[in-house]
Amino acid sequence: MEKKIYEIAIIDDEVEILQLLDKYLKRTQEYRITTFSNPKVALDSCIRTKYDLILLDIMMPGMDGLEFLEGIKKEIPSQKVCMMTAYSTLDKVLKSHKQGAENYIMKPFPSLDALGQKVRTLLEK
């Protein structure tokens with residue numbers, strides 16, 4: 001039986017984060033990763049291309065993660081989204097959950113293995 005390849009989009013304005021997550025998640029051979037540093041470009045792409053999971057930074061210039069989340073859920077209500085933030089306020093976490101985010105991850109990441117486990121759990125839901 002052939003292994004399923006999961007499509008994951010990562011959206012973050014910090015290129016170092018994109019590179020780190022891309023390299024880490026690709027090593028399993030189970031994920032096809034697409035990265036975006038511009039949330040407006042990402043939203044257009046994510047509406048056209050179905051991803052199994054979107055990892056989304058909350059704080060970005062131009063369009064923040066909550067605006068992106070609202071836009072993607074309006075177009076694809078079933079889209080799985082996991083928020084990432086270094087500036088977690090209870091208000092933003094609650095807002096993102098209310099708007100349909102499945103979960104959130106704190107930056108800096110506790111460990112890449114913990115992040116990998118959270119991604120796996122979300123994909124298998």
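From the N terminus on, the elements of the protein follow the order β-α-β-α-β-α-β-α-β-α. The model is predicted. It holds 5 helices and 5 strands. Helix 1 spans residues 15–26, and strand 2 spans residues 31–36. Helix 2 covers residues 39–48. Helix 4 covers residues 90–98. Strand 5 runs over 103–106, and helix 5 over 112–123.

The overall dimensions were examined next. The protein has 125 residues and a radius of gyration of 13 Å. A compact globule with 125 residues would have a value near 14 Å, so the two agree. Along the principal axes, the C-alpha atoms fill a box of roughly 40 × 30 × 25 Å. Of the 125 residues, 46% count as buried. Contacts were also sorted by separation in sequence. Among contacts with a separation of 6 or more, 66% come from residues 24 or more positions apart.

The surface and the charges come next. The protein exposes about 7000 Å². Carbon and sulfur atoms supply 53% of this area. There are 19 positive and 19 negative charges. The mean positions of the two sets are 3 Å apart.

The cysteines were then checked for bonding. The structure holds 0 disulfides. The sulfur of Cys46 has its closest cysteine sulfur in Cys82, at 14 Å. A disulfide needs sulfur atoms within 2.5 Å, so the distance from Cys46 to Cys82 is too far for a bond. Seen from the other side, Cys82 is in no disulfide, and its nearest cysteine sulfur is that of Cys46. Cys46 has 0% relative accessibility and therefore counts as buried. Cys82 also counts as buried, because its relative accessibility is 0%.

Cys46 deserves a separate description. This residue is found in helix 2. Leaving aside residues up to four places away in sequence, Cys46 touches Ala9, Ile11, Phe36, Tyr51, Ile54, Phe68, Ile72 and Ile76. One of these partners, Phe36, belongs to strand 2, which covers residues 31–36. Leu20 was used for a distance comparison. Cys46 and Leu20 are 26 residues apart in sequence. In space, their C-alpha atoms are 21 Å apart.

A serine in another helix was treated in the same way. Ser96 lies in helix 4. Its relative accessibility is 3%, so Ser96 counts as buried. Not counting residues up to four places away in sequence, Ser96 touches Leu66, Leu69, Met83 and Ala101.

Two backbone details lie in loops. The peptide bond between Lys107 and Pro108 is cis, with omega about -5 degrees. Pro108 is placed in the loop between strand 5 and helix 5. The other detail concerns Gln29. This residue is not a glycine, yet its phi is positive, at about 70 degrees. Gln29 is found in the loop between helix 1 and strand 2. With a relative accessible area of 62%, Gln29 is exposed.

Definitions and conventions: Residues are numbered from 1 along each chain as its sequence is written. This is a predicted model: local features need pLDDT of at least 70, side-chain atom pairs count only at pLDDT 80 or more; totals for chains, interfaces and linings use all residues. Side-chain values use heavy atoms; hydrogens and water are left out. Helices (H or I, at least four residues) and strands (E, at least two) are DSSP runs, numbered from the N terminus. The radius of gyration is taken over C-alpha atoms; the globule rule is 2.2 Å times the number of residues to the power 0.38. Buried means under 20% relative accessible area, exposed over 50%, partly exposed in between (1.4 Å probe, protein chains only). Contact means heavy atoms within 4.5 Å. Accessible areas come from the Shrake-Rupley method with a 1.4 Å probe; for residues, only the protein chains shown count as cover. Lys and Arg count as positive and Asp and Glu as negative; His and the chain ends are not counted. The place of a charge is taken as NZ of Lys, CZ of Arg, CG of Asp or CD of Glu.
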